[in-house]
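User: Hi! I'd like to learn how to read a few features of a protein model, one at a time. Could you walk me through this one?

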Amino acid sequence: KLRAGVSLELSPRDRGAGNAFEIDPVRFAAVPTDRLASIASAGRAALARGPLLGFPLTDVRLVLTGDLEASSGVPGVASATLPALSACIAAAARGLLQDAAPRLLEPTMDLSVSVPTSFAGEVLADVTKKRRGVVLQLREAGPAGLGGVEARVPLASLLGYATSLRSITQGHGAFAMRFYGYDLVPENIACEIIEGGGY
């Protein structure tokens with residue numbers, strides 16, 4: 001039977017900082033470095049699959065701060081088998097993450113749309129009302145009579161956008177998009193995604 005006990009601390013990191021699994025260097029100074037490396041690998045694996053639909057976590061710090069060997073006799077970092085430690089870290093991380101009330105993120109794109117000014121209002125309404133976009137800038141019409149909309153839009157809302165834009169502008173609109181980053185999914189939409197088992 002596998003037995004191990006560890007103490008972990010969970011905290012958020014700055015947006016874009018990525019995940020980190022850390023081991024208290026003072027508390028575990030006597031543990032061989034190759035064993036600590038295996039434990040760190042198990043810790044990083046615990047952050048690769050989050051509690052919301054199994055999506056990876058992002059910008060989370062998990063710190064191994066201690067074990068239960070001295071207080072309860074349960075095998076700890078120095079004495080437990082590596083499979084037992086891996087399972088223990090994964091289970092403890094899951095519990096901490098559930099208690100931390102994680103939020104769902106979604107990929108967001110920077111969208112640039114060029115359209116004749118006569119269609120600008122319809123395009124703007126489509127981006128903001130139908131596609132949950134946030135307008136960053138409105139471009140005035142140039143010599144060719146084309147104006148534009150710069151917006152930040154969830155990638156999931158842009159499925160089928162080429163067809164929709166063609167219909168709205170009678171074939172006179174064009175767009176380009178590039179990845180911006182990840183943003184929080186609105187709570188009501190996140191609930192629908194989670195209850196439905198994913199996108």
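User: Let's begin with a single side chain. Is Arg132 buried, partly exposed or exposed?

Analyst: Happy to help, and please keep in mind that this is a predicted model. The idea is to look at relative accessible area, where buried means under 20% and exposed means over 50%. Arg132 comes out at 26% relative accessibility, so it counts as partly exposed.

User: Where does Arg132 sit, and which residues does it touch?

Analyst: Arg132 is found in the loop between H4 and S5. Leaving out residues up to four places away in sequence, it touches Glu106, Val127, Arg152, Pro154, Ser157, Pro186 and Ile189. You can also compare sequence with space: Arg132 and Ala190 are 58 residues apart along the chain, with their C-alpha atoms 13 Å apart.

User: Which residue forms a salt bridge with Arg132?

Analyst: Here one looks for a side-chain nitrogen of Lys or Arg within 4 Å of a carboxyl oxygen of Asp or Glu. Glu106 is the partner, and the closest N and O atoms are 2.9 Å apart. The two come from distant parts of the chain, 26 residues apart, with Glu106 in strand S4 (residues 105–116) and Arg132 in the loop between helix H4 (120–130) and strand S5 (134–139). Glu106 has a relative accessibility of 3%, so it counts as buried.

User: How many salt bridges are there by this rule?

Analyst: The count is 8. One of them joins the side chains of Glu22 and Arg61, at 3.0 Å from N to O. Glu22 lies in strand S2 and Arg61 in strand S3, so this pair ties together parts that are 39 residues apart in sequence. Glu22 is partly exposed, with a relative accessible area of 33%, and Arg61 is also partly exposed, with 24%.

User: Are Asp126 and Arg131 buried or exposed?

Analyst: Both Asp126 and Arg131 are buried. They form a salt bridge too, with their closest N and O atoms 2.8 Å apart. Elsewhere, salt bridges that share partners join Asp110, Arg152 and Arg178 into one network.

User: Now for the nonpolar side. Which residues of the largest nonpolar core touch the most other members?

Analyst: The general idea comes first. In soluble globular proteins, nonpolar side chains tend to be buried together. In this model the largest nonpolar core has 22 residues, and Val6, Phe21, Ile23, Ile39, Leu64 and Val77 touch the most other members. Two or more residues each come from S1, strand S2 (20–23), helix H1 (33–46), strand S3 (60–67) and helix H3 (82–99). H3 gives the largest share, 5 residues. To see one member up close, pick Ile23: not counting residues up to four places away in sequence, it touches Phe28, Leu36, Ile39, Ala40 and Leu64. Apart from the largest core lies another core of 13 residues, including Leu111, Val127, Val149 and Leu165.

User: Last feature: how many residues line the largest pocket, and which lie nearest its centre?

Analyst: A pocket can be read by its space, its lining and the make-up of that lining. The largest pocket holds about 600 Å³ of space. Its lining has 23 residues, with Leu57, Thr58, Val60, Arg103 and Leu105 nearest the centre. Strand S1 (residues 6–12) contributes the most to this lining, with 3 residues. By type, the lining divides into 15 nonpolar, 3 polar and 5 charged residues.

How values were computed:
Residues numbered from 1 in each chain as written. Predicted model: local features only at pLDDT ≥ 70, side-chain atom pairs only at ≥ 80, totals over all residues. Heavy atoms only, no water. 1 Å grid on protein atoms, 1.4 Å probe; cavity = no way out; pocket = protein on both sides within 12 Å on 5 of 7 lines; lining within 4 Å. Points joined across faces, edges and corners; volume = space filled by probe spheres on them. Helix = DSSP H or I, 4+ residues; strand = E, 2+ residues; numbered from the N terminus. Nonpolar A, V, L, I, M, F, W, Y, C, P; charged D, E, K, R; others polar. Core = buried A, V, L, I, M, F, W, Y, C linked by side-chain atoms within 4.5 Å. Buried < 20%, exposed > 50% of the residue type's maximum accessible area, 1.4 Å probe, protein only. Contact = heavy atoms within 4.5 Å.
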